[in-house]
Amino acid sequence: MTMVENLKAMGFTDDQIQAGLQATGSKELETVVNWILNNPDVQPADGSAWTTSGGATGGGGQVLGGPPGAVGGGQTLGGGNESNTATPQPTPSSQEVAMSLKCEDCGRLLRNTIEAEAHAAKSGHSNFAETTEEIKPLTEEEKKKKLEELQEKMRQRRVEREEREKQEAIEKERLRRREGQSLSNIKDDFERKEMMRAAEERRRQKEEDRLAREKVKADIARDRASKKLAQESSDAASPAALDTPGLAGPSPNGATPPPKTSADYTETRIQIRFKGAPPKVQKFKTQETLSAVRLFVQLNAPTPLSPNFSLMTTFPKKVFTEDDMERPLFDLGLVPSAVLDIHQPN
């Protein structure tokens, strides 16, 4: 609040505030308040609030201002051989000058219409009348008491302002914490959804791997069945071959079993080598696809890998592509064992 607003809040009129500021020229609130209390009847220097009534005529017929009923009111002063006597004129009661305004609702005396308007706005009273009663100047004791009341009112307002600012600060802190908690809840909810999405993706990949393995098994079983049927048909077509000497094949006692092929193995041993870390060895079914190996690498890598990493063999050197991810391990030549390196793009 400005100084003028503080003075108005203390109950001073605009005339008193203007006169106090003009007389003191001070920016200290207490200095202006003390001056107003010590000079309750002084008006502004521009004379806007003074009302001059009556007068005295000087030597050249000049009228000297004065309050109504004063000695100079119509008296001729000095001026050569002119008479210095004056005939006193009684003042009719109908021409008595109002000295103040009086609130007929509460009996309070007010100096001017500005004070009356302020009183009406503050109390709600609306009945005012002019009166010849004059507002007596404050005594020293009344001035002191008024100053103490004003100081106490200022202190109370300062305490109220500090309390209000304190409550506002508490409310701001409460709002900040509520917003922080809301952001934390949003973050936790986002992380929980991300974990659920990742888990769902892993389940989906496992289900796809399972279906791929079952498909590979079905293909292998169908291939074996067709081979067996073809072999049986071939044996039935040439029965004389068994009776021909030298064509019957080796005897059961000295027979040499044929070498195993990739289709004869059910498991393969894969060694994955990580850069700057010990290798990991894992067994996989030969019918599993290469995507199962890639998933194992993602879950067991000692350090985070690039999303675009790929698998490769060193001898012979081959980098497996995205199309190879759905092919079974035995079809990629990774049976019965293989060594894979991690290839990450720069």
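This is a short tour of selected salt bridges in a predicted model.

The count of salt bridges in the model comes to 23. Two stops follow.

**Stop 1: helix α5**

Select helix α5, residues 140-237, and show the side chains of Glu173, Arg176 and Arg177. These three residues are linked in a network of salt bridges.

Start with Glu173 and Arg176. Their side chains meet in a salt bridge, with an N to O distance of 2.5 Å. The two residues lie three apart in helix α5, so about one helical turn separates them.

Next, keep Glu173 and move to Arg177. This pair also forms a salt bridge, and its closest N and O atoms are 3.1 Å apart. Glu173 and Arg177 are four residues apart in helix α5, which again means a separation of about one helical turn.

Now colour by accessibility. Glu173 has a relative accessible area of 28%, so Glu173 is partly exposed. Arg177 counts as exposed because its relative accessibility is 56%, over the 50% cut-off.

**Stop 2: strands β10 and β6**

Select Asp341 and Arg273. Their side chains meet in a salt bridge at 2.8 Å, N to O. This pair links distant parts of the chain: Asp341 belongs to strand β10 (residues 337-343) and Arg273 to strand β6 (residues 267-273), 68 residues apart.

Which partner is buried and which is partly exposed? Asp341 counts as buried, because its relative accessibility is 15%, under the 20% cut-off. Arg273, at 34% relative accessibility, counts as partly exposed.

Note on methods
Residues numbered from 1 in each chain as written. Predicted model: local features only at pLDDT ≥ 70, side-chain atom pairs only at ≥ 80, totals over all residues. Heavy atoms only, no water. Salt bridge = Lys/Arg side-chain N within 4 Å of Asp/Glu carboxyl O. Buried < 20%, exposed > 50% of the residue type's maximum accessible area, 1.4 Å probe, protein only.
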